[in-house]
Every structure is written in C-alpha cells, then in structure tokens.
Amino acid sequence: KLLRSLSKSGFYNVNCRKDNKARPYQAQLKLGSKMVNLGYFAVPEAAALCVARAAARRAAAKPASSSAR
C-alpha cells in the first residue's frame, strides 16, 4: 500500500533531493534504529512502490509468534 503524505514527494519515506536531478526521489526505510537507503528514482511513485514492497517483504519475513502449545 502506498502511503500518501503531505511532504513534497507526496509519499511517506520518500524524500526529494534537489542535488540529484536525474533521480531526485530517495526511498528510505527504517530498520531497527537505522535508516536504510533503498535507492533513487526518477518519479515519486516508483520510490513509494519500492518502500511498500520492502515493507511487505520485511513483514513477511518476521517469524510468527507461536502462541499454541
């Protein structure tokens, strides 16, 4: 799911960097206490899609808690 934001890029975890004119949109995701750079993209939608996919992979990789014994 692409999460919309009121930021300049329009999406959460997507930053607009003016120093990179070819690919100004940076996708980032917080893993633990660190921000991980997922890459730079030409359009904000592509960066937001990358963030959404990485978050989905991270959620799928978490082990399910075993409550049944």
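The exercises below work through the fold, core and polar pairs of a predicted model.

**Exercise 1. Determine how many helices and strands the protein has, and in what order the elements run.**

Step 1. Count the elements: the secondary structure comes to 1 helix and 3 strands.

Step 2. Read from the N terminus on: the order is β-β-β-α.

Step 3. Add the overall figures. Of the 69 residues in the protein, 29% are buried. The accessible surface is about 5,300 Å², and carbon and sulfur atoms account for 55% of that surface. Among contacts between residues at least 6 apart in sequence, 24% join residues at least 24 apart.

**Exercise 2. List the residues of the largest nonpolar core, and find which element gives the most to this core.**

Step 1. The largest nonpolar core has 11 residues: Phe11, Val14, Tyr25, Ala27, Leu29, Phe41, Ala47, Ala48, Cys50, Val51 and Ala54.

Step 2. Assign them to elements: strand E2 and helix H1 (44-61) each supply at least two residues of this core. H1 gives the most, with 5 residues.

Step 3. Take one core member, Val14, and look up its contacts beyond four places in sequence. Val14 touches Ser7, Ser9, Tyr25, Gln26, Pro44, Ala47, Ala48 and Val51.

Step 4. Set this beside the general pattern: in soluble globular proteins, nonpolar side chains tend to be buried together.

**Exercise 3. Decide whether Gln28 is buried or exposed, and identify the side chain that a polar contact joins to Gln28.**

Step 1. Locate the residue: Gln28 lies in strand E2, which covers residues 25-31.

Step 2. Apply the cut-off. Buried means under 20% relative accessible area; Gln28 has 17%, so Gln28 is buried.

Step 3. List the neighbours, leaving out residues up to four places away in sequence. Gln28 touches Asn13, Asn15, Met35, Val36, Asn37, Leu38 and Val51.

Step 4. Pick out the polar partner: the side chains of Gln28 and Asn15 are joined by a polar contact of 2.9 Å.

**Exercise 4. Find which side chains meet in a salt bridge, and classify Arg17 and Asp19 by accessibility.**

Step 1. Count: the structure holds 1 salt bridge.

Step 2. Name the pair: the side chains of Arg17 and Asp19 meet at 2.9 Å, N to O. Side chains of opposite charge can pair when their charged atoms come close.

Step 3. Classify each partner. Exposed means over 50% relative accessible area. Asp19 has 60% relative accessibility and therefore counts as exposed. Arg17, at 32%, counts as partly exposed.

Technical notes:
Residues are numbered from 1 along each chain as its sequence is written. This is a predicted model: local features need pLDDT of at least 70, side-chain atom pairs count only at pLDDT 80 or more; totals for chains, interfaces and linings use all residues. Side-chain values use heavy atoms; hydrogens and water are left out. Helices (H or I, at least four residues) and strands (E, at least two) are DSSP runs, numbered from the N terminus. Buried means under 20% relative accessible area, exposed over 50%, partly exposed in between (1.4 Å probe, protein chains only). A polar contact is a pair of N or O atoms within 3.5 Å; within protein, one must be able to donate a hydrogen and the other to accept it, and residues adjacent in sequence count only if both atoms are side-chain atoms. Contact means heavy atoms within 4.5 Å. A nonpolar core is a set of buried Ala, Val, Leu, Ile, Met, Phe, Trp, Tyr and Cys residues joined through side-chain atoms within 4.5 Å. Accessible areas come from the Shrake-Rupley method with a 1.4 Å probe; for residues, only the protein chains shown count as cover. A salt bridge is a side-chain nitrogen of Lys or Arg within 4 Å of a carboxyl oxygen of Asp or Glu.
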